[in-house]
Amino acid sequence: MAVLFDKFIKQIERIFDSLPKSTEWRSFYSNDLPLVTDVDPKVRDWAVKLKLNKSQAKALNELLSKFTSCKECCRSSLTRFWVARVKVEELLQST
């Protein structure tokens, strides 16, 4: 198993050594790859179009995440409000 892992790592190192801009693969793995895999696809598209740096993209992703969860919370509250309002209207009509 260790031999296979070592062979795989050597291949990765060769690929990264051949890149025009020198990048350590471990640095890419821990800093850049999460930006590609963990960021919302919308944010990824915006980051490319707007040429955002990593910090800006991460901040935008966090903002979108908070907005989305807030939006869901508001939607849930509005649904409960409308259900309660309909029940009140039904009670008023039945009396």
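How many helices and how many strands are there in the protein chain? This predicted model has four helices and zero strands. Display the chain as a cartoon and follow the sequence from its start; the elements then appear in the pattern α-α-α-α.

**The whole chain.** Select every residue and turn the view along the principal axes. The C-alpha trace spans about 80 × 40 × 15 Å. The radius of gyration is 25 Å, whereas a compact globule of 95 residues would have one near 12 Å.

**The surface.** Switch next to a surface display. The protein chain exposes about 8,400 Å², and carbon and sulfur atoms supply 63% of that area. Of the 95 residues, 12% count as buried. Colour the charged side chains in two sets: 17 are positive and 12 are negative. The centres of these two sets lie 3 Å apart.

**Helix α2.** Select residues 25-38, which form helix α2. This helix of 14 residues reaches 18 Å from its first C-alpha to its last, close to the 20 Å expected at 1.5 Å a residue. Centre the view on aspartate 32, where α2 has a kink of about 40°. Proline 34 follows shortly after this kink.

**Helix α4.** Proceed to residues 54-94, helix α4, and select tryptophan 82 within it. Is this side chain's residue, tryptophan 82, buried, exposed or partly exposed? Tryptophan 82 counts as partly exposed because its relative accessibility is 43%, which falls between the limits of 20% for buried and 50% for exposed.

**A last distance.** Keep tryptophan 82 selected and add isoleucine 15. From C-alpha to C-alpha, the two residues are 58 Å apart in space, and 67 residues separate them in sequence.

Key. Residues are numbered from 1 along each chain as its sequence is written. This is a predicted model: local features need pLDDT of at least 70, side-chain atom pairs count only at pLDDT 80 or more; totals for chains, interfaces and linings use all residues. Side-chain values use heavy atoms; hydrogens and water are left out. Helices (H or I, at least four residues) and strands (E, at least two) are DSSP runs, numbered from the N terminus. The radius of gyration is taken over C-alpha atoms; the globule rule is 2.2 Å times the number of residues to the power 0.38. Buried means under 20% relative accessible area, exposed over 50%, partly exposed in between (1.4 Å probe, protein chains only). Accessible areas come from the Shrake-Rupley method with a 1.4 Å probe; for residues, only the protein chains shown count as cover. Lys and Arg count as positive and Asp and Glu as negative; His and the chain ends are not counted. The place of a charge is taken as NZ of Lys, CZ of Arg, CG of Asp or CD of Glu. The expected span of a helix is 1.5 Å times one less than its number of residues. The bend at a residue is the angle between axes fitted to the seven residues ending there and the seven starting there.
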